[in-house]
Amino acid sequence: MSEQQIKYEELNTGFEFSPSIFKMDSYTVKSYLEATEDRNILYQPDIVPPMAVAALAMMAMSEKFELLPGTVHVSQQLDFMNIVEIDDTLTSYCRVSRKVARGKFQMLTIGIKVLNQRQDNVLAGEIGFILPMN
Amino acid sequence: MGMILPETKIVVTQEHVKMYAETSGDFNPIHLDPVFGEKMGLGGTVAHGMLILAYLSACMTDHFGRDWLTGGSLNIRFKAPARPGDIISISASVTKIVPEAEFTSVFCDVLCQNQKNETVITGDTKVRIR
């Protein structure tokens with residue numbers, strides 16, 4: 001059963017989401033490579049594109065809280081640190097880095113880091129959103 | 001410095017947007033429902049920003065290989081949506097090369113533009129080459 005989503009109003013700078021665990025299975029990676037038309041042989045047979053990791057980490061994050069209608073993903077910072085292989089089990093950690101009002105909008109920045117089953121850092125970064133103020 | 005890496009062009013299709021939604025779990029109707037996109041003033045569906053960013057990252061992998069996977073960084077802004085039917089040109093130009101003890105850092109400016117030369121993504125990347 002999925003956790004109850006946190007309301008946007010409850011998020012504050014420094015808020016830490018509970019970790020998410022997900023596996024990079026071969027079906028997901030194959031689907032991702034088809035969707036992105038990425039035919040680089042480097043990924044054969046078992047390397048996962050780093051943006052596939054980022055996409056699944058963002059999906060895990062988005063399940064944690066309620067994004068308001070009108071939210072726009074405006075910026076993305078990512079560092080790729082270690083190769084992820086198919087069937088690796090990853091844990092993502094997200095934290096509200098910044099939540100500030102700017103006129104009629106709010107800016108929300110969420111920091112993210114992803115570790116593999118050996119506790120190696122594989123990805124880190126920040127995601128920036130702009131939301132309309134109610 | 002100033003070296004321009006080979007440009008890549010890719011056509012955004014609704015089919016790929018749908019496939020990306022299924023893979024990423026992002027089923028926001030702005031990506032999938034043209035009627036909803038019209039209602040939102042978008043003139044139809046728009047691609048996931050992360051899909052276009054995936055194209056950019058794929059180009060960096062083409063240029064830098066495994067080094068991009070183990071020492072790549074990107075810092076970008078989404079400036080405008082890409083739509084099905086758009087032809088996205090992805091370009092990168094080297095701005096700085098810094099030799100360090102165990103690797104060399106290569107810095108690039110990156111740009112994704114549509115067929116009208118409108119900027120979709122702008123930003124910079126860094127890759128540590130061993």
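This is a short talk on a two-chain model, going from the fold of chain B to its contact with chain A, then the core and the largest pocket.

Okay, quick one today. Keep in mind that what you see above is a predicted model.

Let me start with chain B. It has five helices and five strands, and from the N terminus on they run β-α-α-α-α-α-β-β-β-β. So much for the order; now the overall dimensions. Along its principal axes, the C-alpha trace of chain B spans about 55 × 30 × 20 Å. Of its 130 residues, 46% count as buried. And if you take contacts in chain B between residues at least 6 apart in sequence, 61% of them join residues at least 24 apart.

Now, α1(B), which I'd like you to zoom in on. Its buried residues are H16(B), V17(B), M19(B), Y20(B), A21(B), T23(B) and S24(B). What covers them? The cover includes α2 and α4 of chain B, but also α1 and α2 of chain A. Right after the helix comes G25(B), with a positive phi, near 80 degrees.

That brings us to the interface. Chain B puts 30 residues into the contact, and chain A puts in 30 residues. The area buried between them is about 2600 Å², with 63% of that coming from carbon and sulfur atoms. On the chain B side, T23(B), M50(B) and L69(B) lose the most area to chain A, together 25% of what that side buries. You've met T23(B) already: it's one of the buried residues of α1(B).

Next, the core. The largest nonpolar core has 76 residues, and M24(A) and I52(B) have the most contacts inside it. Who does I52(B) touch? Leaving out residues up to four places away in sequence, I52(B) touches V12(B), A47(B), A82(B), I88(B), C112(B), V120(B) and I121(B).

Last stop, the largest pocket, at about 1100 Å³. Its lining has 40 residues, and the ones nearest its centre are T71(A), H73(A), N28(B), I30(B) and H31(B). The elements giving two or more residues to that lining are α2 and β3 of chain A, plus α1, α2, α4 and β5 of chain B. Which element gives the most? That's α2(A), with five residues. By class, the lining has 28 nonpolar, ten polar and two charged residues.

If you look at one thing afterwards, look at α1(B): it gives residues to the pocket lining, and its buried residues are covered in part by helices of chain A. That's it from me.

Definitions and conventions
Residues numbered from 1 in each chain as written. Chains lettered and ligands numbered in written order. Predicted model: local features only at pLDDT ≥ 70, side-chain atom pairs only at ≥ 80, totals over all residues. Heavy atoms only, no water. Core = buried A, V, L, I, M, F, W, Y, C linked by side-chain atoms within 4.5 Å. Buried < 20%, exposed > 50% of the residue type's maximum accessible area, 1.4 Å probe, protein only. Contact = heavy atoms within 4.5 Å. 1 Å grid on protein atoms, 1.4 Å probe; cavity = no way out; pocket = protein on both sides within 12 Å on 5 of 7 lines; lining within 4 Å. Points joined across faces, edges and corners; volume = space filled by probe spheres on them. Helix = DSSP H or I, 4+ residues; strand = E, 2+ residues; numbered from the N terminus. Nonpolar A, V, L, I, M, F, W, Y, C, P; charged D, E, K, R; others polar. Buried area = accessible area lost by both parts, 1.4 Å probe.
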